[in-house]
Every structure is written in structure tokens, then in C-alpha cells.
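Good morning, colleagues. Please take a moment to look at the structure on the screen before I begin.

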Number of protein chains: 2
Amino acid sequence: MKELLAYFDGELPGINAFLEEEARKLNGLVSDVALHILGSGGKRIRPMLTILTARALGYDRDDYLPMACALELLHSATLLHDDYLDDADMRRGSRAAHLVFGRSETILAGDALLALANEMGARYGKARLSAVLAKGIMDTAAGEIEEIGFSRNPALDRETYMDIIIGKTARLIETACRCGAVLATDDAAMEEAAAEYGLNLGIAFQLVDDALDYVSPSSETGKPEGGDLKEGKVTLPLILLMEQADEVAAEELLDALRERRLSAEQCTDIVTQVRDGGYADRTRDEAAAYVQKAKDALGPFPDCPELTVLRQAAEYVLTRTK
Amino acid sequence: MKELLAYFDGELPGINAFLEEEARKLNGLVSDVALHILGSGGKRIRPMLTILTARALGYDRDDYLPMACALELLHSATLLHDDYLDDADMRRGSRAAHLVFGRSETILAGDALLALANEMGARYGKARLSAVLAKGIMDTAAGEIEEIGFSRNPALDRETYMDIIIGKTARLIETACRCGAVLATDDAAMEEAAAEYGLNLGIAFQLVDDALDYVSPSSETGKPEGGDLKEGKVTLPLILLMEQADEVAAEELLDALRERRLSAEQCTDIVTQVRDGGYADRTRDEAAAYVQKAKDALGPFPDCPELTVLRQAAEYVLTRTK
């Protein structure tokens, strides 16, 4: 992981300074909200992937920050709207923006960040870039909506679950990689390879997130333990557990989730069953298969330092503990 | 106005069918919200202006609907978020979407329409088009934010008022015209002429709207009479009235607006003063000057049926009563 860490160390200051600069330019009503969400310790995985993909495919100009950071702004915009609509209290260990700054400020900051992300992508005067970004924004909005629909009417259904994690997470990471490729080259096969890497990496990323939700102490993640279950969210560890349970128990659980009447004791009991039954580990195993697919997708990439880092980034997704 | 009406009659069915088709394709959670706001009788001025500008500048392909309708979707997205954040009860004589469909549905429908608008503009594979649209979205989001900031801390200041009506209304109408021009031609001077027409038309449009708010019966506008004042909004008719009042009265009014403690009687009294003092009419006079600027901007346009209609559209803005 040495090369990955060195790359992050090299790029992070530039990314963070650029994000802060753009957030400060926004109207005073929303710039503090933008600074709050952007300053709350995101991993900057999306900008890093755009930069790595662009560099790996030969982009040597130094004007990549608007494109790379557009994806982080878009991600932050969805967090602001999601946390407000979920009535979330916390985000990355800090109070959620809508509780600090208010409803209007938070909704409008999300709108502004979405608009700004889009505008930053348009700065390159490249139609394909705008088209990829537009589709990424569209997919992400659709994924957000699908997830909220699913949380109101949950099912223990792997296919729907996969659709949702692709929509809410993987498409945006795919878009980050696709944008990097389009910045560097007009080669459609290379763009598809980058997209395939990003999509599979994104799926793995969310699978690991959903596994960590059951096994990682809240002191590390900054989120409450078993938080997904408490919020009524069905994720793969729970689906795997319920595949082993009898039908009546599964139906009862679904009813309880739908009606939001799962007690704290029931939650703790299910979290324990998921852990002890090894269903979080099995979710990680699934993630490992997608990480392998992501690495395989890099086949057509030229041999270069960034290729090593992209492979390490895929490994990192699997080994992270928060 | 014969040609204008004929043009609307010719294009409206296509615009409405296309908008409905796109709204129906959205996720079930938000498509009803989109159909509600799109079906609530908007005038489709933005799509019409895109079509007219494109046609006037020689665009003869029949694939103009996504671009034209993108502007209407963007406009609808801002209405959804605005009405929710304003706690508005009514929109165009119907119940506001958030009261019919709920908070999450309305916020997310706004996000989806914004994303869709952007995606529709990207369908043409033309970088300049995406850049113009991206800037239009950015300006509109900024204008929305500025207006809400202003409503919390109102001033009786013409310059700020002009900034706000440009941001919240005129930039989007400018964008509609600019998009039509870019669709048709790479001639930057023609794009600027179209933009100048749209910007001035948009300013006039909002000035008339703000005048109508004081003089048009609510049965015609579908909005409560003197609604802006009741919502604490400072518009030009009020600024003109207060320019004649003494400073103490003006300060008292501002304080009352800021603290939302204007009584129904005070509102009625001010509305009467605005009417009887002719301040709504003077606002219309200002609008007439912008209409003239809009018509003048059409100078470089080639002589064609659409030029006649664009001129009539400018006149219509001035004569409308709702």
C-alpha cells in the first residue's frame, strides 16, 4: 500500500484546497454548509480515482482538479439531501448539517453543490465529459430515490439490493473513473475498461460498508453500530442471515422493518446473529469477488505507477476497517 | 399576436407530450410529483423561447424537444424546492406538491428533474450547449439562494432587487434563448444577441409578475393577492412606494417584514397605497423599457416568421394580466 498512501499524500492537499476554495465562493447562506460537509473528513476516493485514471491513461496537464472535485461535490450534495430526508443526527462523527445550519440552508447547499459539480465538469469544453457527468448525476439521483422507496417497502431480495447499491454508490464511482478516462483519451475501449473498474470497485466499496455496519465499533465509523438495521435498511448481511431463517421469521422481520417497530433488543439480537453466523464475513467475500473483477478490468491499461496504485486502491477497499 | 398564438398552438402539444413522457419514465416515488408540477398549467415560455430562437437562427432539425423541455424541467425543479422551503400552500391554483406528495418525494423529484434537465441537454453531444446549460443551472441555484437570504434580511434597495430578479428568473430565460441559439449556430455574436433578448425579456417578465401581485385578483393568478408582501418579499412596487415615504416609516416596515409581524390590515393598507399611488403601473413602465431592450437586441436576427413571433412574445409579457 506504500504507493497508494504516497499518492494520497501527494494529491490530498491540492484536492482539499480546491474544494475549500470553491465552497467559499458560494453564497454566504450556503457556503458554511458546503464547508461543513466537505470538511467532515471524507476520504476523497472519487477525486483520487479520477486523477489516477486520467494519469494512467496519459493525461499530463495540471488542470484536472475541477473534474476530479466535481465528483466529490456531487457526492456531498447527495449526503446533504439524504441526511435531511433521513432525519439523520450524525455524519462522519459530526452533527448532520441540517441540525447545525437549518433546513433551507441544507437543501439549497445540496442544490448549489450539484449545480457547481455540473458547471465544473463543463469547464473543459468536452461534450463527452458533460454527457458522462450528466448521466452520473441522473443515475445517482435515481439511485437515491430507489433506496428511499426500498426503505419504505423493504424486501429480502438480493437483486433489488444490488440494483440499489449500484445506483446509490457504484455509478458515481464508475463516473469518477469514466471522467478520468474521457479527460485523457477518446478511446472508447479504454473508457469502458475504466468504467468497469469503477463500477466493480464501487459495488465492493458498498458491500464492505454494509458489512462494517454490523461489525465495526461506532467509535471507528462515527456511525451508530447496526445503524442500517435501526434505520430499517435491508443490506446483504441481513439478507444472507434471512436466507437461512424460516419463512415466517423472515416475514415477521420485514413487517417489523416496514412498520418501524423493531425494538432495541431485537436489533441487538439480529446484529449478534449476523456477526456470529459469519454473514458480515460472507458479505466481505462477495466484495472480494468484485475487487477481483475491478482489478481484471484494468487489463488494457498501460503499465505505469498509477496502475499499481489503482490495484492497491481496489485492495484497500477490502481491508479498510472504517 | 396572431402569429404568437398560432406558434404556441402548434408547439404546445409536442412540448406537453414530451414533458409527460419524460416524467413518466422517472421512478414511481417521484414521477407523480413531476407530473403534478408539469401538469399544473405552466405557460411553457422557456421551451417556446428555445424553439423560436433555434428556428429563427436556422435550425431545421426536429430533435429540439429535449433541449427546449430541459429548461422547463429545470424551472419546475426550482418551483418544487422553493415551494417546500417557503411552506407555500398553493402553486398555480393547485395545492403545492409537498402537501400532496410529502417532503421526501418533493425534494427528490426536484433533484431528479434537475438531473434530467441536465442529461437532456447533454444528448446533443455539443460542449457549448452543456456549458451554457450548466451555467444556467448554477445561476438559477445561486439566484434562489440569494432570494431566500434577501427575504430574511430585506432591504428597500433597487440594485439588490434587480440582482435577485435576474438570478431567480431572467438568467433561466436568457439560458433558454442562448440554448436555442447554440443549437442553431456557432456564431458567438448571434448567441449574445439571443442572450440579450432573453435576459431583458426575463427581467420584464418578473417586473410584470411583481406588479401583477399587487393589482391582479387572485382568481386570475391562482396566488393570494398581495402575496409577496404577506410572505415578506420586497419587490419593486413596494420599493417605489417607500422611496416616497419618510425614512422612519420605511425602517418600521422593514423591521416588521424581518420579524414577520405585518398584520393583515397593514398588508391591505400597503397594497391599497401601492395601487392608488400608481406604483404597480410604474413597475410596468420599467418593464416596458426592458421589453424595448429585448426587441432591440433582435437586431442581428434574420428576417423570418420566428422574428415576428419573438417580437410579439416580448409584447405579450407586457400585456398579460395573469
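I shall discuss a charged surface patch, two backbone angles and one residue with its contacts.

Please note at the outset that this is a predicted model.

Let me begin with the patch in chain A. Asp246(A), Glu247(A), Glu251(A) and Glu252(A) together form a negative patch on the surface. One of these residues, Glu247(A), lies in helix H13, which covers residues 247–258 of chain A. Glu247(A) has a relative accessibility of 70%, and because exposed means over 50%, this residue counts as exposed.

I turn now to the backbone. Arg260(A) is located in the loop that runs between H13 and helix H14 (264–276) of chain A. The phi angle of Arg260(A) is positive, near 50°, and the residue is not a glycine. Arg260(A) is classed as exposed because its relative accessibility is 53%.

In chain B, Asp87(B) sits in the loop between helix H4 (65–85) and strand E1 (90–91). Asp87(B), likewise a residue other than glycine, has a positive phi near 55°. With a relative accessible area of 49%, Asp87(B) is described as partly exposed.

My last residue is Thr283(A), which belongs to helix H15 of chain A, residues 279–297. Is Thr283(A) buried or exposed? Its relative accessibility is 0%, so Thr283(A) counts as buried. Which residues does Thr283(A) touch, if those up to four places away in sequence are not counted? They are Leu207(A), Ala211(A), Leu236(A), Pro237(A) and Leu240(A).

Thank you for your attention.

Terms used:
Residues are numbered from 1 along each chain as its sequence is written. Chains are lettered from A and ligands numbered from 1 in the order in which they are written. This is a predicted model: local features need pLDDT of at least 70, side-chain atom pairs count only at pLDDT 80 or more; totals for chains, interfaces and linings use all residues. Side-chain values use heavy atoms; hydrogens and water are left out. Patches are made of residues with over 30% relative accessible area and no salt bridge: like charges are joined within 9 Å, nonpolar side chains (Val, Leu, Ile, Met, Phe, Trp, Tyr) within 5 Å. Accessible areas come from the Shrake-Rupley method with a 1.4 Å probe; for residues, only the protein chains shown count as cover. A salt bridge is a side-chain nitrogen of Lys or Arg within 4 Å of a carboxyl oxygen of Asp or Glu. Lys and Arg count as positive and Asp and Glu as negative; His and the chain ends are not counted. The place of a charge is taken as NZ of Lys, CZ of Arg, CG of Asp or CD of Glu. Helices (H or I, at least four residues) and strands (E, at least two) are DSSP runs, numbered from the N terminus. Buried means under 20% relative accessible area, exposed over 50%, partly exposed in between (1.4 Å probe, protein chains only). Contact means heavy atoms within 4.5 Å.
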